Amino acid sequence: MALQRSGPETVEFDVHTDELLVNMGPQHPSTHGVLRVVVRADGEVVSEVTPQIGYLHRCAEKIGENVTPRQWIPYTDRMDYLAGMNMNLGWALTVEKLLRMELPERARHLRVLIAELGRIASHLVAAGTYGLDLGSFTPFMYCFRERERILDLFELVCGARLTYSYITIGGVTADLPPGWLEECEAFLDQFNPVIDELHAMLTSNAIFIRRTAKIGVLAPEVAIDYGCTGPVLRGSGVSWDLRRDGEPCYTKMYEGYRFEVIAQVDGRYPQDQKYPPVPAAAVLGDSWHRFYVRMLEVVQSVGLVRQAIERYRRSPPDCGEPIRITQKLPKGEAYLETEAPKGQMGFMVISDGAAIPWRARARSSSFCNLSVISELCRGCLIADVPSVLGSLDIVLGEIDR
Amino acid sequence: MDINWHSFFFLLVALLTCAFALAVVISSNIVRMAFYLVLSLGGVAGLFFLAGADFLGGLQLLVYVGGTLVLLAFGVMLTARAPLVSMKTAPGQWVLAAVVGGCLLAVLLQVAWSVGQWAGPGRPGVLEEEAKPTAAPLGLGLVGVRVDQLDVDRRADLTEKEKKAREAGMSGYLVAFEVISVHLVVVLIGAAYLARAKRRVDAPLARPPQT
Amino acid sequence: MAELLKSFVPVWLAYSTAAAVNAALLVVLALMVAAVCNWLERKVAGRIQDRLGPTRVGGRFGWLQSVADGLKLLAKEDLIPQGADRLLFRAAPYVSFCAACSLYLALPLADGWVALQLNSAVFFILAVAGLEVLGVILAGYASGSKWSLFGAMREAAQVVSNEIPLALCALIPVMIAGSMDLVEIGNRQEGWLTNWLVFHDPFTFLTFFVYLTCAVASVNRAPFDLAEAESELVAGFMTEYSGFRWGVFFMAEYASMFVISGLAAILFLGGWNGPVPIAQWLGLTRDVGPLAAWLGNFLGMCNMLLKCSLGVLVMMWLRWTLPRLRIDQVMTVCLRYCIPLAAVALLGAMWWTYMWPGGW
Amino acid sequence: MDVSAILQRLTERFGPRITGSNLEAIDPWIEVAPEGLPEVCRHLRDEPELRFNLLNCITGVDYLQVDPKRKLEFEPHVEVIYHLWSLVHKHRLVLKVRLPRWKDGIEGRLPEVPSVTGIWSTANWHEREVYDLSGIWFAGHPDLRRILCPEDWVGHPLRKDYQMPVEYHGIRGR
């Protein structure tokens with residue numbers, strides 16, 4: 001009996017059932033991290049959802065005003081802890097934009113390689129936990145098994161599994177160890193059948209489709225109005241990806257790479273003949289489409305990593321020298337947004353000529369993606385709230401900073 | 001000293017049922033009342049099983065304990081907000097209730113003792129012809145004893161197979177039971193229809209405010 | 001048993017010990033089933049998720065895992081939340097455990113090997129299976145928290161509405177076999193595979209699958225496990241339970257899962273009669289002699305246990321592959337698909353037995 | 001359409017309310033008077049050639065030199081920076097609003113700027129964060145509450161002259 005929000009039905013009201021104020025508290029298995037969602041429900045039907053954030057607020061921006069840019073890199077790791085590499089990349093590129101610094105060829109390809117591997121790892125977590133939200137435990141295990149392999153690769157590169165601080169301003173802390181590329185290719189070769197398994201278990205699973213199709217439908221204008229970016233925006237059919245449409249100093253990293261932006265433009269996904277078709281029940285912009293966009297993006301990223309490996313091998317051996325810790329920043333300010341797995345992650349640095357920036361600002365994508373949930377969950381059932389929350393794929397470390 | 005186990009358990013379960021029925025009346029917490037009601041009706045089902053009518057016992061369990069009391073628990077659970085949970089009864093009402101209850105108990109006991117055959121322990125209720133008309137046959141018929149063929153029961157020349165068939169046909173007059181059940185269904189459907197949720201759904205907020 | 005003891009001890013002691021031993025046997029059977037299912041579930045889940053499951057707890061395949069779980073549950077402190085109704089909170093798990101255990105009273109494991117041969121055994125099992133929901137409702141209400149209230153309401157709505165199609169589907173084999181006594185239904189299906197009721201006619205074949213769906217829903221497993229949907233309601237009605245009380249709920253769930261698949265085995269899959277009538281070939285039938293009859297029954301019991309565990313395996317397999325349905329989708333499946341299908345199957349089976357009484 | 005063309009359009013349309021700009025900076029920006037902000041923003045969003053439909057980020061920056069050794073290049077003030085993007089024309093713009101550190105000079109009265117929640121809904125949460133951390137009051141915001149710090153927190157952490165409280169609910173701060 002999900003109430004469809006078609007026209008304004010005026011049904012007279014005689015049985016007074018008082019509204020139940022239920023909150024999915026900070027420690028709730030299906031809120032990804034420390035998020036409290038206050039749900040005002042009448043029986044099973046949700047009338048109002050208001051998320052409460054701030055439980056994980058560490059005021060990283062205030063610390064940014066007391067440490068030099070290279071010392072702030074570990075703080076960017078802890079923002080979106082599921083894709084630490086992409087956060088480092090964002091901050092490094094912003095400061096390089098301020099310094100007007102050019103990177104050698106090899107460093108650029110190395111960064112593309114590592115960033116796309118980070119994106120695969122983050123999307124695997126998103127797919128796994130989404131299956132967990134809807135009750136099927138097994139895809140979670142498959143996704144995390146693959147993610148473990150990627151983390152092993154990262155461990156070989158920089159010694160850490162979650163908080164890397166690998167990509168710094170001026171390049172990377174250390175070049176790739178010998179034999180790493182072969183292991184990375186071995187991982188990629190055995191990865192494709194796993195994606196087909198996930199498609200079989202989730203995307204084309206009848207119960208999964210019933211739990212996600214036509215739930216949490218987000219219109220493109222509302223998405224842009226609420227500032228949603230990344231898979232949430234592309235799930236609503238807006239073909240917008242910073243790797244192609246971003247600022248020059250970010251898109252020049254991806255120059256010469258062949259990849260497609262995954263969005264359903266006039267009814268078709270790019271290369272969708274290889275993947276399960278869009279079910280009839282799915283409406284553009286619902287939870288199913290957001291999930292489907294992430295699954296296809298993983299395939300694009302695999303292609304990108306292969307191209308990056310091949311270009312990395314051909315590029316000259318110099319992979320850039322990180323700047324000195326106490327190097328003075330020129331006076332001025334720079335803002336740059338990069339395509340992190342969860343959306344557009346923006347960093348801003350303002351400096352007045354000293355080594356320590358005057359102001360460091362981080363704009364989080366999940367912050368805006370989460371703000372749209374009150375719009376999506378009006379009139380759905382209580383069981384749909386985790387389904388919508390899972391499809392938005394938010395991380396609280398990034399929201400609360 | 002051999003104890004007739006059958007009567008012992010019968011009495012035990014009967015006492016338990018009465019005790020829980022009393023608890024239903026005495027307890028103030030409405031949810032505990034529902035729980036004690038479950039136990040007492042379960043006791044009645046136990047009595048049916050001990051009396052050998054296991055179909056009737058199953059029926060009692062299914063219809064009353066499994067069906068009605070689940071709905072009762074449902075109703076109690078949904079309405080049991082703080083003020084409703086503990087319903088204290090004023091002392092005056094206790095006295096009135098005790099008096100009325102006592103009278104009813106007296107009447108029932110008198111009726112029970114007046115039937116000669118039931119007085120003595122140890123003889124399962126095989127009935128002789130009854131001189132003056134009483135309500136007992138009607139009650140027995142309800143329970144399922146074929147009151148109209150009582151004389152057939154005592155004929156000695158019943159073959160084993162025929163006796164077994166009569167035994168199987170014990171629950172003859174179940175019609176009354178069915179009538180009550182159908183009545184119950186009608187009542188439930190009516191209640192569901194009356195309480196169907198009619199709610200005003202205000203116009204959905206189409207777009208964020210376009211001021 | 002009672003006559004044996006009568007010679008040593010006074011009569012009433014003999015009878016009471018015999019009764020006590022039988023009762024204990026039943027409860028131990030239920031506990032054994034729960035213990036084995038617990039270990040089996042972990043192993044099956046492991047295999048499905050490409051990992052090993054418990055391997056080191058006590059010997060080769062970690063078979064002591066359930067004992068370890070039991071000890072852990074006993075050692076854990078089972079606290080009662082402050083807002084809870086103390087009596088009901090304690091009573092609820094035992095209500096649902098008694099309901100689940102008393103199911104074993106009427107479940108025959110072989111021809112004649114049954115605790116209490118009721119001539120309305122199917123009806124008894126369906127009636128008592130409906131009682132389990134009472135324990136859940138009491139638990140939901142007594143824990144005092146909104147979440148368990150939600151879980152209890154969903155559970156009650158689901159189980160009560162699933163009893164109807166379950167009863168309809170159980171009616172068909174009873175109608176074909178002509179009696180509600182499980183032993184009789186089982187004996188009617190002896191001989192070759194084709195005598196099984198599931199292959200009796202296409203309608204019973206359809207009924208078997210509808211029965212399986214409703215059985216999974218009424219036992220609250222796999223895609224229909226709304227009550228303890230961990231993603232939305234934390235743990236449904238079991239949120240506030242911990243330690244041994246939670247274990248009791250868990251045992252009740254496994255016990256009723258085993259009985260429901262046992263019922264399916266007897267009603268549709270020929271109970272203790274194997275696909276090939278080996279017992280008849282080896283001459284282990286009742287008329288040959290008491291020992292042969294005992295051996296034949298033993299073989300039958302192994303068959304029955306195999307089929308029950310097969311049913312339990314299917315339920316576990318469903319649980320670890322399919323996501324969970326929403327409450328209104330569960331109700332739609334039950335009210336809009338299962339009941340009409342069961343009704344059609346009933347009519348079809350009736351028409352079929354009328355047209356070809358002796359079987360086709 | 002680069003920033004100079006946009007600046008030229010805005011100055012001819014709004015005149016005195018565009019109070020400055022800097023086209024040589026890495027991210028060229030335009031300064032707008034606080035009162036004229038909503039009209040300029042609505043124009044930027046609705047104008048067919050501009051169509052700035054994505055508000056990326058609102059940032060509050062506090063310019064106050066607390067370090068005695070450093071010399072003072074600017075007089076103390078507070079800035080609110082709006083980053084706008086157009087998905088349609090793929091161009092970017094930075095708007096700045098310059099405010100006094102405290103409203104009409106009285107310590108503790110937060111500077112005011114009209115809210116743009118009506119134009120972009122994403123501003124709702126961003127403005128709440130800027131209010132919470134940088135202490136800038138957004139007039140006309142539907143429910144301006146703290147979003148990251150606890151409701152009963154005192155002070156705005158990102159202000160340069162912010163002192164960490166000695167104790168908060170029994171937890172020692174300093």
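The following exchange goes through some features of a predicted model and the criteria behind the words used for them.

Me: What makes a feature of this model eligible for discussion, and how are residues, chains and ligands labelled?
Reply: This is a predicted model, in which local features need pLDDT of at least 70, side-chain atom pairs count only at pLDDT 80 or more, and totals for chains, interfaces and linings use all residues. Residues are numbered from 1 along each chain as its sequence is written, while chains are lettered from A and ligands numbered from 1 in the order in which they are written.

Me: What confidence does the predictor give to the complex and to chain D?
Reply: The complex has an ipTM of 0.77 and a pTM of 0.83. For pLDDT, the predictor's confidence in each residue from 0 to 100, chain D has a mean of 88, and 99% of its residues reach 70 or more.

Me: Why are α2(B) and α3(B) called roughly antiparallel?
Reply: The axes of these helices cross at roughly 175° and come within 8 Å, where axes are lines fitted to C-alpha atoms, for helices over the stretch in contact, and angles run from 0 to 180 degrees between N-to-C directions. Angles under 35 degrees count as roughly parallel, over 145 as roughly antiparallel, 65 to 115 as roughly perpendicular and the rest as oblique, and α2(B) and α3(B) are therefore roughly antiparallel. Their contact includes L37(B) and L41(B) of α2(B) and L61(B) and L72(B) of α3(B), two residues being in contact if their C-beta atoms, placed from the backbone, lie within 7 Å. By class, this contact has 18 nonpolar, three polar and one charged residues (Ala, Val, Leu, Ile, Met, Phe, Trp, Tyr, Cys and Pro count as nonpolar, Asp, Glu, Lys and Arg as charged, and the others, Gly among them, as polar).

Me: What do α2 and α3 of chain B give to the side that touches chain C?
Reply: Both give two or more residues to that side, and α3(B) gives the most, with twelve residues. Across the interface, 19 residues of chain B are in contact with 25 residues of chain C, and the chain B side divides into 14 nonpolar, two polar and three charged residues.

Me: How do you know how α4(A) and α16(A) are oriented?
Reply: Helix α4 (residues 105-133) of chain A and helix α16 (residues 384-392) of chain A pack at an angle of about 180°, with their axes 9 Å apart, and that makes α4(A) roughly antiparallel to α16(A). T129(A), Y130(A) and D133(A) in α4(A) meet P386(A), S387(A), G390(A) and S391(A) in α16(A); these residues divide into two nonpolar, four polar and one charged.

Me: What makes β5(D) a partner of β4(D) and of β2(D)?
Reply: Two strands pair if DSSP finds at least two bridges between them. β4(D) and β5(D) pair in the antiparallel sense over eight bridges, and three bridges join β2(D) to β5(D), which run parallel. V94(D) in β5(D) is the bridge partner of H83(D) and also of W29(D). The hairpin of β4(D) and β5(D) has six residues between the strands, with K90(D) in the turn at a positive phi of about 55°.

Me: How many helices and strands does chain D have?
Reply: Chain D has three helices and nine strands, helices (H or I, at least four residues) and strands (E, at least two) being DSSP runs, numbered from the N terminus.
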